[in-house]
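Hello,

Here is the structure I promised to hand over. Please have a look through it when you get a moment, and read on below for what turned up.

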Amino acid sequence: MRWTSVIAVIACACLTGCGGSPRSASTSTPSTVSATSSTVAAAPAVAPGPVHPPPVRRAAKPCPSRSSLALEQTAAWPSTKTPCFRAVVRALWRAIQAGSTRGAVYAFFPLRAYEQVKAIGDPRGDYTGRLLADYVLDLRAAHEVLGPGARAARLVHAIVPAGYVHWVPPGACYNRLGYYEVPNARLVYRVAGHMRSFGIASMIAWRGTWYVVHLGAVTRTGEDGVVDDPSDGPGTPEPSLTC
């Protein structure tokens, strides 16, 4: 598969932690100080030392830290109105728009959570060899759907059908733990003056945060990337099987 090297890079990123959205440094406006005509004694001459810039205060990441993924699952309702959810959607959209997997892992269900969820012999191998490999293929396929104007395409919003959100209990789908799942959320975008959309086949929640687990399809018969229901306009989410 021509994406083998890319998959390996992303898998490494999953194991070591992934970066969030770009951090911005906060700056302060210097106050204006008026000089007065007073006599000041000359300072003794000293050898110049290294100049250290003031510490930069960085914005907090909007999503839980990767270290917190070792904590136990909760039944917290996953909200779509948080900075974290917006960051997940932005990371997914930018990867699709650019046709690059760089940063895409930020939107993907984390490995450490998957290892806790699955009651199978090799959850890590299943994660990298199946889930992550399919994700890479589907990202490329979605980029192709955007067409030659992909760089100019603009995300309008994400639709998450609250009525389809359901709890998948332990024991279902070879799971050790339960989680919330929602099928067929949609990304609505505008390109070349037209509104279009396609689906996110399945998102599941870990400790109240939504992540993509299947982008194009939950199950597939081939090795090609899949785009979930590309449509003109916002499209219509449809219910589907969890696994």
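**The disulfide and its surroundings**

Cys84 has a relative accessibility of 6%, so it counts as buried, the cut-off for that being under 20%. Before going further, please keep in mind that this is a predicted model.

Cys84 is bonded to Cys63 in a disulfide, and their sulfur atoms lie 2.1 Å apart. A search of the whole structure turns up one disulfide. The bond ties together distant parts of the chain: Cys63 sits in the loop between helix H1 (4-16) and H2, while Cys84 belongs to helix H2, and 21 residues separate the pair. The link is right-handed, with 105 degrees about the S-S bond. What about the partner, Cys63: buried or exposed? Cys63 is buried as well, because its relative accessibility is 9%.

**The overall picture**

Stepping back, the protein has four helices and six strands. Read from the N terminus, the order is α-α-α-α-β-β-β-β-β-β. Of the 243 residues, 42% are buried. Among contacts with a separation of 6 or more, 71% are made by residues 24 or more positions apart.

**Helix H2**

Since H2 carries one end of the disulfide, I went through this helix in some detail. Is its length what one would expect? Let me put that as a sum: how many Å should the 16 residues of H2 span at 1.5 Å a residue? The expected span is 22 Å, and the end C-alpha atoms of H2 (residues 83-98) are 22 Å apart, so the two agree.The buried residues of H2 are Cys84, Phe85, Ala87, Val88, Val89, Ala91, Leu92, Trp93, Ala95, Ile96 and Gln97. They pack against H4, strand S1 (154-159), strand S3 (179-191), S4 and S5. Just after H2 comes Gly99, with a positive phi of about 65 degrees.

**The second largest pocket**

The second largest pocket has a volume of about 300 Å³. Its lining is made of 18 residues, and those nearest its centre are Lys118, Arg130, Cys173, His214 and Cys243. Helix H3 (111-117), helix H4 (123-146), strand S4 (194-206) and strand S5 (209-214) each give two or more residues to this lining. Which element gives the largest share of the lining? H4 does, with three residues. By type, the lining residues of this pocket are eleven nonpolar, four polar and three charged.

**Two buried residues**

Asp138 belongs to helix H4. With a relative accessibility of 1%, Asp138 counts as buried. Beyond its neighbours within four places in sequence, Asp138 is in contact with Leu215, Gly216, Ala217, Arg220, Gly225 and Val226.

Pro183 is part of strand S3. It is buried too, because its relative accessibility is 2%. Leaving out neighbours within four places in sequence, its contacts are Pro161, Tyr164, His166, Ile200, Ala201, Ser202, Glu238, Pro239 and Ser240. For one of these, Ile200, the C-alpha atom is separated from that of Pro183 by 7.2 Å, with the two positions 17 residues apart along the chain.

**An exposed tryptophan**

Trp77 lies in the loop between H1 and H2. Its relative accessible area is 52%, so Trp77 counts as exposed, for which the cut-off is over 50%. Even so, Trp77 touches Val165, Tyr180 and Gly208, not counting residues up to four places away in sequence. The C-alpha atoms of Trp77 and Ala205 are separated by 8.5 Å, although the two residues are 128 apart along the chain.

**Positive phi outside glycine**

Finally, here are two residues whose backbone you may want to look at. Tyr174, which is not a glycine, has a positive phi near 60 degrees. Its place is in the loop between strand S2 (166-168) and S3, and at 64% relative accessibility Tyr174 counts as exposed.

Asp229 also has a positive phi, near 50 degrees, in a residue other than glycine. Asp229 is found in strand S6 (residues 228-232). Is Asp229 buried, partly exposed or exposed? Its relative accessible area is 37%, so Asp229 counts as partly exposed.

Happy to talk any of this through whenever suits you.

Best wishes

Conventions:
Residues numbered from 1 in each chain as written. Predicted model: local features only at pLDDT ≥ 70, side-chain atom pairs only at ≥ 80, totals over all residues. Heavy atoms only, no water. 1 Å grid on protein atoms, 1.4 Å probe; cavity = no way out; pocket = protein on both sides within 12 Å on 5 of 7 lines; lining within 4 Å. Points joined across faces, edges and corners; volume = space filled by probe spheres on them. Nonpolar A, V, L, I, M, F, W, Y, C, P; charged D, E, K, R; others polar. Buried < 20%, exposed > 50% of the residue type's maximum accessible area, 1.4 Å probe, protein only. Contact = heavy atoms within 4.5 Å. Expected span 1.5 Å × (residues − 1). Disulfide = S-S within 2.5 Å.
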